[in-house]
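Biologist: Hey, I'm new to this one. Can you put it up and walk me through it?

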Amino acid sequence: MTFSASVIGASGFTGGELLRILCDHPELEISQVTSRKYSGRSIGYTHPNLRDLKLKYSSPDELDPVDVLFTATPHGVSMNQIDDFSEAADLVVDLSADFRLKDPKKYDEYYHGHSRPELLNQAVYGLPEIHREDLKSATLIACGGCNSTVTLLGLYPLFQTGILTEKDTIVADIKVGSSEGGASGSTSSHHAVRSGIVRPYAPTGHRHEAEIEQEIGAKVAFTVHAVDMIRGASATCHIFPNEPNLTKPMIWKAYRESYQNEPFVNLLSGSGGNYRYPEPKVVAGTNNVEIAFEIDKRNNRLVVFSAIDNMMKGSAGQAIHATNIALGLDETMGLAYRSLHPTGSP
Ligand SMILES: NC(=O)c1ccc[n+]([C@@H]2O[C@H](COP(=O)([O-])OP(=O)(O)OC[C@H]3O[C@@H](n4cnc5c(N)ncnc54)[C@H](OP(=O)(O)O)[C@@H]3O)[C@@H](O)[C@H]2O)c1
């Protein structure tokens with residue numbers, strides 16, 4: 001059975017990634033693609049890699065009825081238009097932060113409040129590795145943020161198996177590429193300004209801390225750096241565990257228990273080769289996450305590394321993975337391809 005799918009905000013970066021996946025997805029058929037700015041223009045005008053799709057943008061003011069509606073719009077759009085979106089589709093998959101948090105007070109703390117707090121509990125957080133069962137009956141999916149996704153995937157097994165608890169101290173250092181900021185750009189993302197940088201842009205109080213705390217029940221002190229790449233999010237989590245006798249086999253067991261059947265998780269042993277630790281370049285364009293760890297006995301430190309493509313596992317790929325589950329399709333449908341190697345900055 002084929003399902004119809006529309007993308008609201010299709011001219012943006014994650015919208016383009018959704019279309020790139022959808023055009024080769026065997027069971028999802030693109031119906032409507034919207035942009036206010038480019039309404040009437042062809043898709044190739046903004047996404048040259050999709051020139052062969054003979055589709056034109058239309059205005060989001062009139063929505064076709066579809067099976068699945070993807071909303072790749074800035075924060076604030078979905079929460080204010082959720083009634084129209086839900087009327088148009090049986091399943092709404094939102095890539096923004098509008099429905100990720102359960103506690104409305106967190107929207108007051110980290111954002112500018114929420115206009116539909118009564119709907120927050122209906123939404124399912126979009127990471128299949130954590131919420132696979134809930135996704136099966138979801139009608140509103142809230143895909144995770146890219147920085148939170150890369151951090152959560154590295155840490156989740158350690159909390160799920162009780163190796164770490166909310167009493168442990170965790171410091172997460174994140175590096176992200178410029179596509180995280182979206183297609184419209186700003187003075188800080190101008191090429192002349194951003195090229196060559198390693199710039200801390202959210203040293204404390206990053207919004208994604210709230211998602212991480214919600215999903216693993218622990219506070220993670222979080223600092224994000226903008227670095228000179230286009231795609232990719234890399235997390236290095238420094239953990240000073242209360243349990244001083246952690247061993248490699250204990251940690252390996254935790255990762256294997258949580259992730260042994262996960263189709264998009266690659267655990268690296270750190271044992272050899274130039275790419276023995278997670279590297280965004282290696283997963284660019286794919287829905288994969290790479291994870292590795294080391295134990296630093298001298299400093300009683302556990303260090304966890306993880307890497308994703310921010311627009312794939314951190315957004316559009318995660319959205320399609322979650323949608324496949326919600327529709328009862330093979331989870332990997334439309335997502336099983338490899339990255340390029342060697343390649344330049346992705
Ligand atoms: N970029 C990433 O790596 C990433 C990762 C995870 C999550 N996200 C989240 O995903 C969402 C999209 O991100 P992005 O990077 O793709 O942004 P983007 O490149 O700026 O694209 C935003 C899209 O939304 C449309 N839009 C803006 N305001 C709208 C409105 N009021 N009604 C309908 N459409 C509207 C824009 O087109 P028009 O203005 O022409 O309508 C554009 O197509 C954001 O909420 C972002 O936080 C992004």
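Modeller: Sure. This is a predicted model, and the protein's secondary structure comes to ten helices and 13 strands.

Biologist: How compact is the protein for its length?

Modeller: As compact as a globular protein of that length, because its radius of gyration is 20 Å, close to the 20 Å that the globule rule gives for 346 residues. The C-alpha trace spans about 60 × 45 × 40 Å along the principal axes.

Biologist: And what share of the residues is buried?

Modeller: Buried residues make up 55% of the 346.

Biologist: OK, switching to the ligand. How many residues surround it, and which are the closest?

Modeller: There are 27 around the ligand, and the closest are Ser11, Thr14, Ser35, Thr73 and Ala183.

Biologist: What does threonine 14 do there?

Modeller: An N or O atom in the side chain of threonine 14 is 2.7 Å from an oxygen atom of the ligand. Alanine 183 uses a backbone N or O atom instead, 2.7 Å from a ligand oxygen. Lysine 37 also has a backbone N or O atom by a ligand oxygen, at 2.9 Å.

Biologist: How much of the ligand does the protein bury?

Modeller: The protein buries 85% of the 890 Å² that the ligand exposes when taken alone.

Biologist: Which elements give two or more residues to that shell?

Modeller: Those are α1 (13-22) and α10 (312-326). By domain, at least three shell residues come from each of domain 1 (3-122) and domain 2 (146-308).

Biologist: And how does the shell divide by residue type?

Modeller: Ten nonpolar, 13 polar and four charged.

Methods
Residues numbered from 1 in each chain as written. Predicted model: local features only at pLDDT ≥ 70, side-chain atom pairs only at ≥ 80, totals over all residues. Heavy atoms only, no water. Near = heavy atom within 4 Å. Polar contact = N/O pair within 3.5 Å; in protein donor to acceptor, adjacent residues only side chain to side chain. Areas by Shrake-Rupley, 256 points an atom, 1.4 Å probe, with all protein chains shown as cover. Helix = DSSP H or I, 4+ residues; strand = E, 2+ residues; numbered from the N terminus. Nonpolar A, V, L, I, M, F, W, Y, C, P; charged D, E, K, R; others polar. Domains from an automatic or database assignment. Rg over C-alpha atoms; globule rule 2.2 N^0.38 Å. Buried < 20%, exposed > 50% of the residue type's maximum accessible area, 1.4 Å probe, protein only.
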